[in-house]
Amino acid sequence: MAFPKNFLWGGATAANQCEGAYLEDGKGLSVPDMLLGGDVNTPRTFCPTITEGVFYPSHDAIDMYHRYKEDVALFAEMGFTCYRFSINWSRIFPNGDDAQPNEAGLKFYDNLIDECKKHGIEPLITLCHYEIPFEIVKKYHGFYNRKTIDLFIKYVTTCFNRWKDKVKYWLTFNEINMTIMAKSIGNLYGVGIIQDEDLNRDAPCKFNELKDVLQERIQALHNEFVASARAVIEGHKINPDFMIGNMICHVTKYPLTPNPKDMLETQRIDHLFNDLCGDVQVRGAYPYFAKKLYQDMGIDTAFMDNEEDKKILREGTVDFYTFSYYMSNCVTVDENAVAINDSMIGGAKNPYLKASDWGWQIDPDGLRWTLNKLASRYPDTPLMVVENGFGAFDKVEDDGAIHDDYRISYFREHIRALGEAVNDGVNLIGYTTWGPIDLVSAGTGQYAKRYGFIYVNRHDDGTGDFSRSRKDSFFWYKKVIASNGEDLD
Ligand code: BG6
């Protein structure tokens, strides 16, 4: 198995899921700061205002804001050559539309980037990982308002200029297609739309009960495409050597049966959920199927005909395609098929696959298949897997050890699949696992859904001293990186 010599190995996190310090050094509120935790059967709760004494997981998260030196040192000990993290927009522009950036917020990321560089770790920065400043959501309804595009460009050019000589790899929006795939996450996390009636509620409400207007969500997604393309254009003016990528949540789709109707429906869902966003961002235009697909869903597609936007999309194509891969699921027209118990992603159960305790189906071969699909769809574009991981309950033994062989086995099979795809000829430049350190789950807000090679002593009831310890998988991943993916035993 031959991974390329300079293959990037590492892990990925998001600011809101690990930093904590939610109001420190001038930071403003951001969307996840307004959410309570849930679990696999209970959606998260949205609170229009913060209530004292209530436990909001992002407010302390895993306290990385104060512990980043220890954490980066642990990443370095595993041999990371790349660390993907996000910048929390509301640290830089606390209200989203401030005239000047917040110097203390910038300074935190100066330090984090320098710490990575000190250890020979290449930073890969996500500019917007479900972290729109809450003030933008309140004042402008997020990306539904085109003014937010300008606010985003001001924010990203501030980042590009600040770190133009230190950071080469950037991603614009995390999982941009989540806006189409998952109503609640797409609406609030993704494009930051919340209707006035929900903002003015007296009491908190379940995340999935927030009002959703599909037309607005899809138009806001279009505005994100324009924002992303403009970011690529501006970024390349600031440093032509920047590698600026997109990021897609690729949930791979299989027809549940050989019924041709299932095949057709699978193609439709694949086009809508997986292909549309990638095509716009890599090829610079909506794909041939987009208009009809949207119109069949009752969407007025007039926004697709804006000539100025078309030009921006054409000029702002990404330098590399990145995606998250956790699972696959099945598609069928049979309404009685057994559904996956995951309200966000949905789909039908695959009888050949096992699933995590959160219902996410484990499918390493699907990763190889997906990499090959993407390589043939975008033959001139390097690919990178920037999230892949296994959320699980971990048990701490009396001696403090954590024997997470289930996690090792998940990664072993997925890294094997990566190697097979590379051998197939796929141009894969790197791999960052999701959650190299335990953090707050985006979907459920839980700590108990643990992804890390590094355990964090913090729990869903708000107890725990945030101390870090190495799981068995820590030593295993270290070996994998040291052997450039050869030694998976
Ligand atoms: C991706 C997101 O969807 O999956 C991450 O980019 C998220 O932010 C990860 O944490 C895992 O999902 P979850 O819901 O288990 O945290």
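The ligand in this predicted model sits in the largest cavity. Around the ligand there are 13 residues, and the ones that come nearest are Gln17, Glu175, Ala442, Lys449 and Tyr451. Sorted by class, that shell has five nonpolar, five polar and three charged residues.

Now for the polar contacts. Three residues each place a polar atom by an oxygen atom of the ligand, as the table sets out.

| Residue | Atom on the protein side | Distance to a ligand oxygen atom |
|---|---|---|
| His129 | polar side-chain atom | 2.8 Å |
| Ala442 | polar backbone atom | 2.7 Å |
| Gly443 | backbone N or O atom | 2.8 Å |

So what does the ligand find at Gly443, backbone or side chain? A backbone N or O atom of Gly443 is the partner there. His129, on the other hand, uses its side chain. Ala442 turns up twice in this picture: it is among the residues that come nearest to the ligand, and its backbone supplies one of the polar contacts.

How much of the ligand's accessible area does the protein cover? On its own the ligand has 370 Å² of accessible area, and the protein covers 96% of it.

Away from the ligand, there's an open sheet to look at. It is built from three strands in the order 2-3-7, with antiparallel pairing. Strand 2 (35–36) and strand 7 (205–206) are the edge strands, each pairing on one side only. Strand 3 (residues 45–46) pairs with strand 2 over two bridges, in the antiparallel sense. Leu36, for one, has Thr45 in strand 3 as its bridge partner. In general, strands of a sheet pair through backbone hydrogen bonds.

Note on methods
Residues are numbered from 1 along each chain as its sequence is written. This is a predicted model: local features need pLDDT of at least 70, side-chain atom pairs count only at pLDDT 80 or more; totals for chains, interfaces and linings use all residues. Side-chain values use heavy atoms; hydrogens and water are left out. A residue is near a molecule or strand if one of its heavy atoms lies within 4 Å of it. A polar contact is a pair of N or O atoms within 3.5 Å; within protein, one must be able to donate a hydrogen and the other to accept it, and residues adjacent in sequence count only if both atoms are side-chain atoms. Accessible areas come from the Shrake-Rupley method with a 1.4 Å probe; for residues, only the protein chains shown count as cover. On a 1 Å grid over the protein atoms alone, a cavity is a set of points where a 1.4 Å probe fits but cannot get out, and a pocket is an open set with protein on both sides within 12 Å along at least five of seven lines; lining residues have an atom within 4 Å of a point. A molecule sits in a cavity or pocket if more than half of its atoms lie within 2 Å of its grid points. Ala, Val, Leu, Ile, Met, Phe, Trp, Tyr, Cys and Pro count as nonpolar, Asp, Glu, Lys and Arg as charged, and the others, Gly among them, as polar. Two strands pair if DSSP finds at least two bridges between them. Helices (H or I, at least four residues) and strands (E, at least two) are DSSP runs, numbered from the N terminus.
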